[in-house]
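Work through the exercises below with the sequence and the model open side by side. Try each task before reading its solution.

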Amino acid sequence: SSNEIFALKEDRNGKVWIATNGGGLNVYNPDTKRIVKYSTEFREDSPFYLPLNNFLRVIEEDQSGGIWIGSHGAGIAMYSTKLKKFTTYNRAANNLANDIVLSVLSDRNNHIWVGTGGGGLNLLNTKTNKFISFDEKDGLANNTIHKIIEGADSRLWLSTNTGISSFDRRTRKFKNYSYHNGIQHSNFVLG
């Protein structure tokens with residue numbers, strides 16, 4: 001559907017999820033050797049309708065087998081592999097700080113963390129289905145987060161436009177690292 005692939009993710013069942021830049025979402029099933037396409041090109045009542053734009057950036061699987069797809073400008077969709085349907089999350093409905101989603105992490109406690117292009121770090125409150133955001137005013141180095149990884153302790157590590165930040169999930173405090181700490185001068189664009 002598009003030659004520009006931004007993310008690949010093999011799920012726990014061996015299917016390969018392919019996020020494209022303009023062509024939507026493709027899912028390759030190695031058992032059947034078939035690709036299923038999800039796109040905005042389909043009607044909204046179609047099971048193949050993608051409730052995002054077709055410009056996708058990241059794919060993550062949570063502990064329940066849900067597939068989280070981040071888009072450039074339309075927020076996030078979570079595909080329930082059990083229910084075979086999408087649930088969307090965005091700025092207007094769920095307080096996501098920015099609909100440009102660059103990174104999604106499902107941590108060891110099954111919390112969903114989202115790194116955005118300008119809206120900082122976001123945590124989904126599953127009780128309210130609203131996001132809590134952490135940004136520069138909270139101590140984050142920069143509000144554009146390209147990648148989130150989970151450390152062995154309670155920290156998340158974030159690559160930003162101005163260096164690396166660590167976030168302690170217990171204290172909700174940031175520590176920032178820049179060229180003053182011996183890392184490169186420029187941004188960390190692709191994590």
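## Exercise 1: Charged pairs

The side chains of K137 and D135 meet in a salt bridge, 3.3 Å from N to O. A salt bridge here is a side-chain nitrogen of Lys or Arg within 4 Å of a carboxyl oxygen of Asp or Glu. The model is predicted: local features need pLDDT of at least 70, side-chain atom pairs count only at pLDDT 80 or more, and totals for chains, interfaces and linings use all residues. Residues are numbered from 1 along each chain as its sequence is written, and side-chain values use heavy atoms, with hydrogens and water left out.

Task: Which other residue forms a salt bridge with K137? Classify the residues involved by exposure.

Solution.
- Step 1. The other partner is D138. The closest N and O atoms of K137 and D138 are 3.8 Å apart.
- Step 2. Apply the classes: buried means under 20% relative accessible area, exposed over 50%, partly exposed in between (1.4 Å probe, protein chains only).
- Step 3. K137 counts as exposed because its relative accessibility is 68%.
- Step 4. D135 has 16%, so D135 counts as buried.
- Step 5. D138 has 34%, so D138 counts as partly exposed.

Task: Are R155 and D153, which form a salt bridge, buried or exposed, or in between?

Solution.
- Step 1. The closest N and O atoms of R155 and D153 are 4.0 Å apart.
- Step 2. R155 has a relative accessible area of 24%, so R155 is partly exposed.
- Step 3. D153 has 40% and therefore also counts as partly exposed.

Task: How many salt bridges does the rule give, and which residues are linked in a network?

Solution.
- Step 1. The count comes to 10 salt bridges.
- Step 2. The network links D107, R108, E150 and R169.

## Exercise 2: Two open sheets

Task: What is the strand order in the sheet that contains β10?

Solution.
- Step 1. Fix the terms. Strands (E, at least two residues) and helices (H or I, at least four) are DSSP runs, numbered from the N terminus. Two strands pair if DSSP finds at least two bridges between them.
- Step 2. The order is β9-β10-β11-β12, an open sheet of four strands with antiparallel pairing.
- Step 3. The edge strands are β9 (101-106) and β12 (130-134), each pairing on one side only.
- Step 4. Neighbouring strands of this sheet are turned by 25° against each other on average, direction ignored. Axes are lines fitted to C-alpha atoms, for helices over the stretch in contact, and angles run from 0 to 180 degrees between N-to-C directions.
- Step 5. Inside the sheet, β10 (residues 112-116) and β11 (residues 121-125) pair over three bridges. G115 stands opposite L121 in β11.

Task: Which strands stand at the edges of the sheet that contains β14?

Solution.
- Step 1. The order is β13-β14-β15-β16, again an open sheet of four strands with antiparallel pairing.
- Step 2. β13 (145-150) and β16 (173-177) stand at the edges; each has a single partner strand, so one side of each is left without a neighbour in the sheet.
- Step 3. On average, neighbouring strands here are turned by 25° against each other, direction ignored.
- Step 4. Five bridges join β15 (residues 163-168) to β16, and the two run antiparallel. D168 stands opposite K173 in β16.

## Exercise 3: A hairpin and a pocket

Task: How many residues lie between β3 and β4 in their hairpin?

Solution.
- Step 1. β3 and β4 pair in the antiparallel sense over five bridges. L25 stands opposite Y38 in β4.
- Step 2. Four residues lie between the strands. K33 in the turn has a positive phi of about 60°.

Task: Which element gives the most to the lining of the second largest pocket?

Solution.
- Step 1. A pocket is an open set of points on a 1 Å grid over the protein atoms alone, where a 1.4 Å probe fits, with protein on both sides within 12 Å along at least five of seven lines; lining residues have an atom within 4 Å of a point.
- Step 2. The lining has 15 residues, with K15, W17, V27, Y38 and K84 nearest the pocket centre.
- Step 3. β3 (25-29) and β4 (34-38) are the elements that give two or more residues.
- Step 4. β4 gives the most, with four residues.
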